[in-house]
Amino acid sequence: MRPGVVALASASLLVLGAAPGEGPPRPLPARMADTGGGTQLITAVAPRAGATSGTVTWWDRVDGTWVKAGSASARFGAKGLVEGTRRKQSTNTTPTGLYGLPYAFGIEAAPRGTKYEYRRVRQNSWWCQDTDSRAYNRWTEPRARDCRAAESEHLVSYGALYAHALVIGFNYERPVKGRGAGIFLHVKGRGATAGCVSVPADAMRRILEWAEPSARPHIAIGTMKGPTAIVRY
């Protein structure tokens, strides 16, 4: 291994809690400021704010210890990641932070064993992103009268990308107009996303089979270090 690679690996371990001589690092969720209070957690980590790829890992808390249940490669926004409270709509950035997962949806039927509320996408299913609409950042079926089609996602038109997905609760409970709408964990396409987090199709199915609503799963999105470091959330 080249010396520069060794230095980079050492720096990364220090950031994520593996100081030399201190034994193996604690699981990532154990080093975070908050995990949402449940016993399941999804972490989506990029190496830096400008990155468009990284890793999604899903965890279970078993007898007080966080245990990795699965992991997969991930893609983020084409313009990288940005602090969720500072995000602006249509910037192709993925919002960092800790968020709930209100419900799942998909063009295809829910994977066998899915326990989450699952909405099947139909021809008249839309996600409103129109800042002038009362349905802003909401599923609307049919499309709300005050929600322009040009400012919304016609969910069925996304094909394999929305075969299965989870709504990420960014800007969801009390939407701030212009901060962003329609941020999902969904199936990977050919490249970066418009702000969502995407994983391979098989990983998305496994996540839905794993997720247990009573365990109150959340998703934490962040970077390895810096102002948007995932351990800060």
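**Entry 1: E209**

I looked up E209 first and found E209 in helix 2, which covers residues 201-210. I note that the model is a predicted one. Is E209 buried or exposed? I read a relative accessible area of 35% for E209, so I put E209 down as partly exposed, since that class lies between under 20% for buried and over 50% for exposed.

Next I asked which residues E209 touches, leaving out those up to four places away in sequence. I listed P111, R112, G113, T114 and K115. I then checked K115 against E209: the two are 94 residues apart in sequence, and their C-alpha atoms are 7.2 Å apart in space.

**Entry 2: E83**

I turned to E83 and located E83 in strand 4, residues 81-83. I found E83 buried, and I found no salt bridge for E83. Which side chain of opposite charge is nearest to E83? I noted R232, at 5.9 Å. A salt bridge needs a side-chain nitrogen within 4 Å of a carboxyl oxygen. For contacts of E83, again not counting residues up to four places away in sequence, I wrote down T96, T228 and Y233.

**Entry 3: the largest pocket**

I looked up the largest pocket and recorded a volume of about 390 Å³. How many residues line the largest pocket? I have 24, and the closest to the pocket centre are N92, Q129, E153, G182 and A194. I also sorted the lining by class: nine residues are nonpolar, 12 are polar and three are charged.

Conventions
Residues numbered from 1 in each chain as written. Predicted model: local features only at pLDDT ≥ 70, side-chain atom pairs only at ≥ 80, totals over all residues. Heavy atoms only, no water. 1 Å grid on protein atoms, 1.4 Å probe; cavity = no way out; pocket = protein on both sides within 12 Å on 5 of 7 lines; lining within 4 Å. Points joined across faces, edges and corners; volume = space filled by probe spheres on them. Nonpolar A, V, L, I, M, F, W, Y, C, P; charged D, E, K, R; others polar. Helix = DSSP H or I, 4+ residues; strand = E, 2+ residues; numbered from the N terminus. Buried < 20%, exposed > 50% of the residue type's maximum accessible area, 1.4 Å probe, protein only. Lys, Arg positive; Asp, Glu negative; His and termini not counted. Contact = heavy atoms within 4.5 Å.
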